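This report describes one protein chain as its coordinates present it, beginning with charged side chains and moving on to the sheet and the helices. Please keep the sequence and the structure in view while reading.

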Amino acid sequence: MPLRQYAYFALFSQHTSADDMTSQLGITPDEVTVRGSRFTEPAVVPVNYSWMVVCRESGLRVDEQITRILDRLQPHTDLIRDLTRHLARTGGGAVLHIVRYFNDTDQAQPGAVDAPNPFGWHLDRKVLDFLSATGAELDIDEYDMAGAEDVR
């Protein structure tokens with residue numbers, strides 16, 4: 001079954017910009033997003049800022065992608081924890097996000113015979129300790145990309 005997956009660690013806030021997060025942490029993110037309000041009636045929806053460290057490297061299991069992310073972030077655990085606590089006071093926070101697309105036939109598939117099985121993965125103590133220390137949530141999204149004609 002074709003599978004595309006990636007993982008990222010994100011800090012998010014309605015009040016603290018990604019640039020401010022970068023300044024406080026001293027870590028350059030891989031990606032940032034800014035979402036503004038699309039509507040002004042009946043009320044303006046606040047802006048949302050996200051600061052992200054991402055691993056989209058294909059051919060890795062999810063736990064290997066997470067290890068790549070944590071290798072960059074763990075030396076800064078205390079700073080991330082402090083910033084997450086600050087963000088949480090105003091509706092923000094931190095999340096380790098895993099995104100998986102099953103039956104994704106639109107993406108090129110690696111042809112390596114000895115590629116690792118991407119379907120099995122786990123979170124080891126190191127990951128759980130980091131999530132606990134930083135107050136981060138775990139969010140896993142899985143999507144079946146098979147069309148109705150592909151379902152039997």
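## Charged pairs at the surface and below it

In this predicted model, glutamate 64 has a relative accessibility of 26% and therefore counts as partly exposed, since that class lies between the 20% and 50% limits. Its side chain meets that of arginine 61 in a salt bridge, with 3.6 Å from N to O, and arginine 61 is likewise partly exposed, at a relative accessible area of 25%. A salt bridge also joins arginine 100 to glutamate 142, where the closest N and O atoms are 3.2 Å apart. Because arginine 100 belongs to strand β4 (residues 93–102) and glutamate 142 to strand β5 (residues 137–144), this pair ties together parts of the chain that are 42 residues apart in sequence. The two partners are not equally accessible: arginine 100 counts as buried at 3% relative accessibility, whereas glutamate 142 is partly exposed at 45%. Salt bridges with shared partners also join Arg61, Asp63 and Glu64 into one network.

The whole structure contains 10 salt bridges, and one of them brings the side chains of glutamate 57 and arginine 68 together at 2.4 Å, N to O. This pair links distant parts of the chain, with glutamate 57 in the loop between β3 (48–55) and α2 (62–73) and arginine 68 in helix α2, 11 residues apart. Glutamate 57 counts as partly exposed, at 39% relative accessibility, and arginine 68 is also partly exposed, at 39%.

## Overall layout of the chain

The chain holds 4 helices and 5 strands, which follow one another from the N terminus in the order β-α-β-β-α-α-β-α-β. Of its 152 residues, 34% count as buried. Among the contacts between residues at least 6 apart in sequence, 76% join residues that are at least 24 apart.

## The sheet

The 5 strands make up an open sheet of mixed pairing, in the order β2-β3-β1-β4-β5. Its edge strands are β2 (31–35) and β5, each of which pairs on one side only, and the twist from one strand to the next averages 25°. In general, the strands of a sheet pair through backbone hydrogen bonds, in either a parallel or an antiparallel sense. Here β2 and β3 pair in the antiparallel sense over 5 bridges, and β1 and β3 are also antiparallel, over 7 bridges.

Individual residues show how β3 is placed in this arrangement. Tyrosine 49 of β3 has valine 34 opposite it and also has serine 13 opposite it, while asparagine 48 of β3 stands opposite arginine 35. Since 6 of the 8 residues of β3 are buried, this strand is largely enclosed by the rest of the structure. Helix α1 (residues 18–25) packs on the sheet and touches β1 (3–13), β2 and β3, its direction making about 55° with that of β3.

## Helix α3 and its buried side

Which residues of α3 are buried? They are Thr77, Ile80, Leu83, Thr84 and Leu87, and because they cover an arc of only 130° around the axis, they lie on the same side of α3. This can be set beside a general rule: an α-helix has 3.6 residues a turn, so residues three or four places apart point the same way. The buried residues of α3 pack against β1, α1, α2, β4 and α4 (125–134). As for the length of the helix, its 12 residues at 1.5 Å a residue should span 16 Å, which agrees with the 16 Å between its end C-alpha atoms.

Leucine 87, which is found in helix α3 (residues 77–88), offers a closer view of this packing. With a relative accessible area of 0%, leucine 87 is buried, because the limit for that class is under 20%. Leaving aside residues up to four places away in sequence, leucine 87 touches Leu11, Phe12, Ser13, Thr16, Met21, Gly92 and Gly93. One of these contacts is with leucine 11, which lies 76 residues away along the chain although the C-alpha atoms of the two leucines are separated by 8.2 Å.

Conventions. Residues are numbered from 1 along each chain as its sequence is written. This is a predicted model: local features need pLDDT of at least 70, side-chain atom pairs count only at pLDDT 80 or more; totals for chains, interfaces and linings use all residues. Side-chain values use heavy atoms; hydrogens and water are left out. Helices (H or I, at least four residues) and strands (E, at least two) are DSSP runs, numbered from the N terminus. Buried means under 20% relative accessible area, exposed over 50%, partly exposed in between (1.4 Å probe, protein chains only). Contact means heavy atoms within 4.5 Å. A salt bridge is a side-chain nitrogen of Lys or Arg within 4 Å of a carboxyl oxygen of Asp or Glu. Two strands pair if DSSP finds at least two bridges between them. Axes are lines fitted to C-alpha atoms, for helices over the stretch in contact, and angles run from 0 to 180 degrees between N-to-C directions. The expected span of a helix is 1.5 Å times one less than its number of residues. The arc is that of the directions from the helix axis to the C-beta atoms.
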